[in-house]
Amino acid sequence: MTTGTHNLWTSAGAVRLRRYAHVATVCALLLSTMGGCASVTNPVANGVPARLVPDELLAPSKNELKTIPLNWLAQPDADVYKLASGDILGVYIEGILGEPDQPPPINFPDVADMPPSVGYPFPIGKDGTVPLPLVDPIKVEGLTVDEARDEVIKAYTEAKKMLQPDEARVIINLVLPRRTKVLVIREDSTVARSANADVYNVATRAAPILSGRGQGSGAVLDLPPTENDVLNALARTGGLPGPNAANEVVIQRGFAAGDAWPTSANGDYEMPPMELNSPNNSPNGDDTSKKTNSGRRTIRIPLRWPEDEPPPFRPEDVVLRTGDIVFVPALDSETYFTGGVLPSREVPLPRDTDLRAIEAVLRVGGPFVNGGINGNNLSGGIIAAGIGNPSPSLLTVIRNTDDGRQLPIRVDLNRAARDPRENILIMDGDILVLQESPQEAVSRYFSQVFRLNFVGDLFRGTSGVGQATLSVP
């Protein structure tokens, strides 16, 4: 009895040991086949889930910025013309400037839209005065033409008493309005770029063109007093900045040629220290125009701004002055990088629109919920054999932080298709690594390696025999 029982347990233990050996053999086989699988050895897969990343590490949305109203870049229409330095007046004073028996001189200016004028030309000086004979210089800056005429009559009838008020014949008109000379430097190319220049070519696997910058251009403008603003300067030099230009216009004021730069003891040029203007310059307390102790100012005017917020610059900032430099800078390339099962590429980010994780994968022709779809149709069929392979869904976004470190962010593409919080915005410098999850790798392995063939009889009769073959998967 004892011997029989011992043999029974010995037999059952041997069966159990053989089962364990089979399981261990299968596991060892699977581990050996997946030893080089990136889904298992992926060094960046252990990232922070996208839905748990704090807001300060997420990219700001570009879609909230809208093109500013163009009237922000133009000066308001003036009801009357105000005289200033650089204007040339036509002056006729009978008995002083002109004889009674001779007609006054008539001027025909070469400037378009300017009518003929009467009188001798006198320019308004930098101090805002006009020098006339036999009287002290008369201050006319900020006055209309009619008001300037009254000041001239007053100078000759009251101050010097050369003319009688009821007999004075004085004619004052505008011969030539002042001109504002500005220099416009544009780094955006005037050569049209291809519509697909920034798009990865899936068919040819060609890298996008990241450098579409042209040589740039420069122009010197003489603007009339009613058109000396940023809008007219842009319109006369090619319009608003193109897609390869930054969304801002920089005005450098007080940097006119001939200004002496401060020098150090060894004779090298030194940039003067920067100091902020009054915080009242912008609604949010931040000054977008800066100046130096020498009077130089840099005014930055963004061309895209939140729709419901007031402009971050003053209306007088867009009015140009003689000597201003209007600069349209080129766009610094913002790119992201791809790797893993994605093609290894450097891909440009859109300038004015958001790019999210799923769109970034599709932009380089990466797989997304394609299942058994085969992109190569050269064989004549687009459906792969079997039940298909799972699409890779483990996307790791390696993001640079402000303190110089890198943060891996784990994005589940399947979840991102349903949850906008998971489908995060892509930032400049991000590295996107797409891999299969371990479950997807195992599923693909079994669907490609293990196949079951079944052969059975459909019917058997005296007149014939029918058979069917089934392959799974």
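# Worked exercises on a predicted model

Of the 473 residues in this protein, 35% count as buried. The model is a predicted one, so treat every number below as computed from it.

## Exercise 1: The overall picture

Work out how many helices and strands the protein has, and what share of the contacts is long-range in sequence.

Step 1. Begin with the secondary structure: there are seven helices and 24 strands.

Step 2. Now take the contacts with a separation of 6 or more. Residues 24 or more positions apart account for 68% of them.

Step 3. Finish with the surface. The accessible area comes to about 28,000 Å², and carbon and sulfur atoms own 55% of that.

## Exercise 2: A three-strand sheet and its helix

Find the order of the strands in the open sheet that contains S6, S3 and S9, then say which strands stand at the edges.

Step 1. Reading across the sheet, the order is S6-S3-S9, and the pairing is antiparallel.

Step 2. Strand S6 (120–123) and strand S9 (170–176) each have a single partner strand, so one side of each has no neighbour in the sheet. That makes S6 and S9 the edge strands. From one strand to the next, the twist averages 35°.

Step 3. Zoom in on one pairing. Strand S3 (residues 88–93) runs antiparallel to S9, and six bridges join the two. To find your place on screen, look for Tyr 92, which stands opposite Ile 171 in S9.

Step 4. Add the helix. H3 (residues 145–159) packs on this sheet and touches S3 and S9. The direction of H3 makes about 135° with that of S9.

## Exercise 3: A six-strand sheet with mixed pairing

Show from the neighbours of S18 that the pairing in the sheet S1-S21-S20-S22-S18-S19 is mixed.

Step 1. A reminder before you start: strands of a sheet pair through backbone hydrogen bonds, either parallel or antiparallel.

Step 2. On one side, strand S18 (residues 335–340) pairs with strand S22 (residues 431–435) in the parallel sense, over four bridges. Thr 338 stands opposite Leu 432 in S22.

Step 3. With S19, S18 runs antiparallel, again over four bridges. Here Tyr 336 stands opposite Val 347 in S19. S18 and S19 form a hairpin, with four residues between them.

Step 4. Put the two together: S18 has a parallel pairing with S22 and an antiparallel one with S19, which fits the mixed pairing of the sheet.

Step 5. Check the edges too. Strand S1 (48–49) and strand S19 (345–348) have a single partner strand each, so each is left with one side lacking a neighbour in the sheet.

## Exercise 4: Classifying an aromatic pair

Decide how the rings of Trp 72 and Phe 313 are arranged, and where the two residues sit in the chain.

Step 1. The structure holds one aromatic pair, so there's just this one to classify.

Step 2. The ring centres are 6.4 Å apart and the planes meet at 80°. Planes over 60 degrees apart count as edge-to-face, so this pair is edge-to-face.

Step 3. Now the chain. Trp 72 is in the loop between strand S2 (65–67) and S3, while Phe 313 is in the loop between strand S16 (304–306) and strand S17 (325–328). They are 241 residues apart, so the pair links distant parts of the chain.

Step 4. Compare exposure. Trp 72 is partly exposed at a relative accessible area of 22%, whereas Phe 313 is buried at 6%.

## Exercise 5: Buried or exposed?

Sort Arg 253, Gly 365 and Leu 134 into buried, partly exposed and exposed.

Step 1. You need the cut-offs: under 20% relative accessible area is buried, over 50% is exposed, and in between is partly exposed.

Step 2. Arg 253, in strand S12 (residues 248–253), has 5%, so Arg 253 is buried. Its side chain has polar partners: the backbone oxygen of Val 319 at 3.0 Å, and the side chain of Asp 324 through a polar contact of 2.8 Å.

Step 3. Gly 365, in the loop between helix H5 (357–363) and strand S20 (394–400), has 32%, so Gly 365 is partly exposed. Its C-alpha atom is 8.0 Å from that of Pro 343, 22 residues away along the chain.

Step 4. Leu 134, in the loop between strand S7 (129–130) and strand S8 (138–139), has 56%, so Leu 134 is exposed. Its phi is near 70°, a positive value in a residue other than glycine.

Methods
Residues are numbered from 1 along each chain as its sequence is written. Side-chain values use heavy atoms; hydrogens and water are left out. Buried means under 20% relative accessible area, exposed over 50%, partly exposed in between (1.4 Å probe, protein chains only). A polar contact is a pair of N or O atoms within 3.5 Å; within protein, one must be able to donate a hydrogen and the other to accept it, and residues adjacent in sequence count only if both atoms are side-chain atoms. Contact means heavy atoms within 4.5 Å. Accessible areas come from the Shrake-Rupley method with a 1.4 Å probe; for residues, only the protein chains shown count as cover. Two strands pair if DSSP finds at least two bridges between them. Axes are lines fitted to C-alpha atoms, for helices over the stretch in contact, and angles run from 0 to 180 degrees between N-to-C directions. Rings of Phe, Tyr and Trp (its six-membered ring) pair if their centres lie within 6.5 Å; planes under 30 degrees apart count as stacked, over 60 as edge-to-face and the rest as tilted.
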